[in-house]
Amino acid sequence: MRQKQTPEQEVPALPWQRDGCFGCGPENPTGLQLKFKVGPENKSSICEFELSSRFTGPPGYAHGGIIATILDEAMGKANRLKNRVALTRRMEVEYLRPVPLGKPLVAEGRVIRVLGRALHNIAEIRDAKGVVLARSRGKFMTINPERMFPRETEKARQKVD
């Protein structure tokens with residue numbers, strides 16, 4: 001994956017509100033509130049962030065579940081770059097180095113292969129020097145949001161009209 005670059009364009013929105021999402025919901029005061037942008041050449045989703053002490057695992061470092069959540073979000077946002085709504089089917093995380101709290105970090109996700117409804121993705125969390133601290137691989141399955149989330153998509157449609 002590429003070194004840190006400042007992305008400009010936001011990742012395309014989903015067809016329903018996700019304000020309460022733990023990973024990216026702006027209205028969730030206890031969540032991560034991650035904001036992803038489109039990476040270079042529209043091939044990745046990128047988020048620059050810092051983790052506060054409320055996400056502590058080992059002293060001074062992030063909890064492994066929070067690291068997995070961030071990697072899942074990065075891979076999930078990459079699906080939107082392929083105009084797909086897809087849910088995590090399977091995910092594997094490699095914890096390479098402790099992820100520090102209170103330091104600038106970058107998460108980047110990308111789709112590496114699409115096979116029918118399945119998207120195969122990768123993601124990384126890097127420090128400010130570009131050192132990879134954690135990485136993941138995942139398989140995501142494309143869904144029809146109107147069938148799976150009919151109430152949410154209908155509410156979103158009514159807000160637009």
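# A six-strand sheet and an unbonded cysteine pair

Strands S4 (residues 105-115) and S5 (residues 118-127) run antiparallel and are joined by 10 bridges. They belong to an open sheet of six strands, in a model that is predicted. Here is a quick tour of that sheet, the chain around it, and a few residues worth finding on screen.

**The chain as a whole**

- The protein chain has three helices alongside its six strands.
- Reading from the N terminus, the elements come in the order β-β-α-β-β-β-β-α-α.
- The protein chain counts 161 residues, and 43% of them are buried.
- Among contacts with a separation of 6 or more in the protein chain, 66% are between residues 24 or more positions apart.
- The exposed area of the protein chain is about 9,200 Å², with 48% of it supplied by carbon and sulfur atoms.

**The sheet**

- Across the open sheet, the strands are ordered S1-S2-S4-S5-S6-S3, and their pairing is antiparallel.
- Strand S1 (37-38) and strand S3 (86-95) are the edge strands, each pairing on one side only.
- To see where S4 meets S5, look for Leu115, whose bridge partner in S5 is Ala118.

**Glu124, a residue to look up in S5**

- Glu124 is part of strand S5.
- Glu124 counts as buried because its relative accessibility is 11%, which is under the 20% cut-off.
- The side chain of Glu124 makes a polar contact of 3.1 Å with the side chain of Arg126.

**The cysteines**

- The whole structure, when searched, yields zero disulfides.
- As a reminder, a disulfide is a covalent bond between the sulfur atoms of two cysteines.
- Why does Cys21 have no such bond to Cys24? The closest cysteine sulfur to that of Cys21 is in Cys24, at 3.6 Å, and this is too far for a bond; the cut-off is 2.5 Å.
- Seen from the other side, the sulfur of Cys24 has its closest cysteine sulfur in Cys21, again at 3.6 Å and too far for a bond.
- Are these two cysteines buried or exposed? Cys21 counts as buried because its relative accessibility is 14%, and Cys24 counts as buried because its value is 15%.

Technical notes
Residues are numbered from 1 along each chain as its sequence is written. This is a predicted model: local features need pLDDT of at least 70, side-chain atom pairs count only at pLDDT 80 or more; totals for chains, interfaces and linings use all residues. Side-chain values use heavy atoms; hydrogens and water are left out. Helices (H or I, at least four residues) and strands (E, at least two) are DSSP runs, numbered from the N terminus. Buried means under 20% relative accessible area, exposed over 50%, partly exposed in between (1.4 Å probe, protein chains only). Contact means heavy atoms within 4.5 Å. Accessible areas come from the Shrake-Rupley method with a 1.4 Å probe; for residues, only the protein chains shown count as cover. Two strands pair if DSSP finds at least two bridges between them. A polar contact is a pair of N or O atoms within 3.5 Å; within protein, one must be able to donate a hydrogen and the other to accept it, and residues adjacent in sequence count only if both atoms are side-chain atoms.
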